[in-house]
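Hi,

Here's the structure I promised to pass on. My notes on what turned up are underneath.

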Amino acid sequence: MTPEILLVFGILVVVIVVLVTEVMPLEVLSMLVLGVLAITGLVTPTEALAGFSNPAVVTIWAVFILSGGLTRTGIANIIGRNMLKLSGTGDARMIMLIMVIAGGLSAFMNNVAVAALMLPVVMDIARKTGKSPSILLMPLAYGSLLGGLTTMIGTPPNILVSEALRTHGLTPFGLFDFSPVGLIVMVVGMLFITFVGTRFLPKHPPFEPERKGDKQVISQYRIQERLFRIHIPKQSALAGHTLASSHLGSRLGLNVIAINRGRKISLAPNSTDKILPDDELIVEGRLDRIQEMNNWGQLLSESVVPEENALLGFGMQVAEVRLSDDSPWLGKSLSELGFRNQYGLNVLEILRLGRQINMNVKSRKLIDGDVLVLHGPMASIKQLAETDGIMSPVVLNAEEVKEKYEKEKKIRLFSIPDSSRLLGMTVTESCLGDALDVQILEVIRKDGSAVVPASDLVFEPGDRLVVAGMSDLVGVLLMQGLEAVFDKDQAVVEDTSILQSDTVGFVEVILSPHSVLVGQTLQEIRFREKFGLNVLAILRKGKVIRTGLRDLQIQLGDALLLYGQWKKLAVLGREPDFVVLTEKMQEVAREEKAKTALTIMAIVLLPVIFGWVPIYIAVVIGAAFMVLTNCLTMEEAYLYIEWKAVFLIAGMLPLGVALDKTGAALMVAEKVITILGPLGPYGVLFGLLSITFMGTSIIPTAALVVLMVPIALQTSAGLGISPYPLMMGIAMAASSSFTSPISHPANVLVMGPGGYKFMDYVKVGLPLTLVILALLMVIIPIFWPLVG
């Protein structure tokens, strides 16, 4: 084995690990691979950059633009509107029709775009027919994948294997050379999914017909469990504040979705709307946050602190302690350590690399060199000093405490009146401090003694609480008698129909496959401020997430439940980053250009079919005419190109060249021949198909094809069999990405709206994959003989 082969194998291993783990963006990986191959001399600089001018790459991005033209002119919308007339109400007939239409469109359009286009149409059909989306959406995704197998432009793997044949001096596949095998696979696959696969799909509650379907959406997200009424007393400090300035959302995580004012109810109020005395706010939020708000209202605020120095009264001290590099606490948070319960001390803040950390202190992972600022009895501090992994505590004097910490902590004193329902509750049960990120430093008992409160400490009559961090408006407002009405077992707004009208309602959205917002939080994109809509919940991989939404990174496949005015939801429907899962909220398509787009597509395909023009030239010209005829704008054309796929393929192609050029592909092919050769040509075909099928579950299809092609060509040459059945098999297997949601973006798109979990794809996709594998073994040799 030569040093060059060792080097290329090393690069290949790193590439596969990164592709599987996605520890970096795939576009960045492809650029790094390109650069490393050139620097190490495995390929020439010209060969390294040749991927960007490769006819396959040119064909792929041009096909994306052609697909965008068909999308913007509403081809799928036109077909979808007539779908219901043909499908009837039977499940099998409806599922088959959805798959046939998706497959037919995917033969000439990007299959991810087809899935995104058809998604709102299918959701509307589910609402109108009372079907559950879970039995329709996975067939939609799989139908779009199966349809891509039928033509050369249906999916990037088909384009790549055809171009690889041309590059190696062989006759490339034509536009419809994939059709005989692809059509048979598509038909059998669709029949299997319709009559067998759907039996393994989750049985979520069906939509009720027509508008009542909104109730099913709300039920799926369990929003009714989190709806509460909050009464605003006449003397409340909230009166006169806007919803934005009240900080009910930013600090308590409460969405105000309606204001009941006398006999008038204002739905989806704006953030600038004012709160008035005697208003009743209908809010959505966590029960424990509501309970905490109520419990703060059970305290009386005192104007003075218990001692001249608030932190050092009642025998308490403040000390700084540094963690050593061998501390067993490293990598753990204070919550995980159960720090306050175990050591009887408060951590006021963490000093790290010259800066003070005083927010979310309990959840921070501790690192080497952290200094914990402790507060509590001197005896507890001395006991902590005996713990392994920490340095000797430095006890601060009164001046240092006052200068460094007391001013910043904004100490307040609260007392518990005799009538308070907090009496008899533990600190944990009270939830005090959970939402506001404040800290109960000590509880002063009636006899004048003071304790650092453990989670099981019970509040007693006469207790006073020394609280740090209660500095913002919400902290003051909660002391003004603000009271939520709730039952401990259920929310009080059971009839959600009062929250909907002709102008306001609920709707689901997902991220568009072209979105640039993947990985960003709602707070970072300023979603509420930009669109004026409330995000009530996110459905991810079958699990409903309803807390911490502002700081949650949104992912492709997430379904977001929004609440707001229909006109604002319509504005969101025109945003390229989102797909609203109801057709009426979609941006209006340029249906007057539909005939023009279809004509351009026909003019592109005809000369390719007759062999007059190479496909990469025809599709580039067609893409240009899509823009010239205003089927889509140039900005939209850029948007519809999947740049991740383009960069990934262009960057991976030089790796295929390096595998071939260094002899690494030949070495692997010899191993394949040694293992599978004795089984004959059929054994080799079966082995390569199996490897590709397994690889497509974890590696992007385009990258997998680039890696498999040189091995297949070397294997065919070594055994003296035709390369065409092997290349056809690799293309078909690579595009059959059915076994996991992450194996193809079309699968991810339907995951949230369908309420699917990872195993749902395995239950349906694995038997489907085995059926297709057996089918390919039979039909490929018929149309593309292995020998001769």
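When I say contact below, I mean heavy atoms within 4.5 Å. With that cut-off, and leaving aside neighbours within four places in sequence, Leu-655 is in contact with Val-8, Ile-11, Leu-12, Val-15, Val-33, Leu-37 and Leu-707.

Before you read on: this is a predicted model, where local features need pLDDT of at least 70 and side-chain atom pairs count only at pLDDT 80 or more, while totals for chains, interfaces and linings use all residues. Residues are numbered from 1 along each chain as its sequence is written, and side-chain values use heavy atoms, without hydrogens or water.

Leu-655 shares a distinction with Leu-146: these two touch the most other members of the largest nonpolar core, which has 172 residues. (A core here is a set of buried Ala, Val, Leu, Ile, Met, Phe, Trp, Tyr and Cys residues joined through side-chain atoms within 4.5 Å; buried is under 20% relative accessible area with a 1.4 Å probe, protein chains only.) Helix α7 (residues 111-129) gives this core its largest share, 12 residues. A separate core of 22 residues includes Val-535 and Trp-566.

Across the protein chain, 56% of the 788 residues are buried. Of the contacts between residues at least 6 apart in sequence, 80% join residues at least 24 apart. The chain has 31 helices and 20 strands, taken as DSSP runs numbered from the N terminus (helices H or I, at least four residues; strands E, at least two).

Cheers

How values were computed. Buried means under 20% relative accessible area, exposed over 50%, partly exposed in between (1.4 Å probe, protein chains only).
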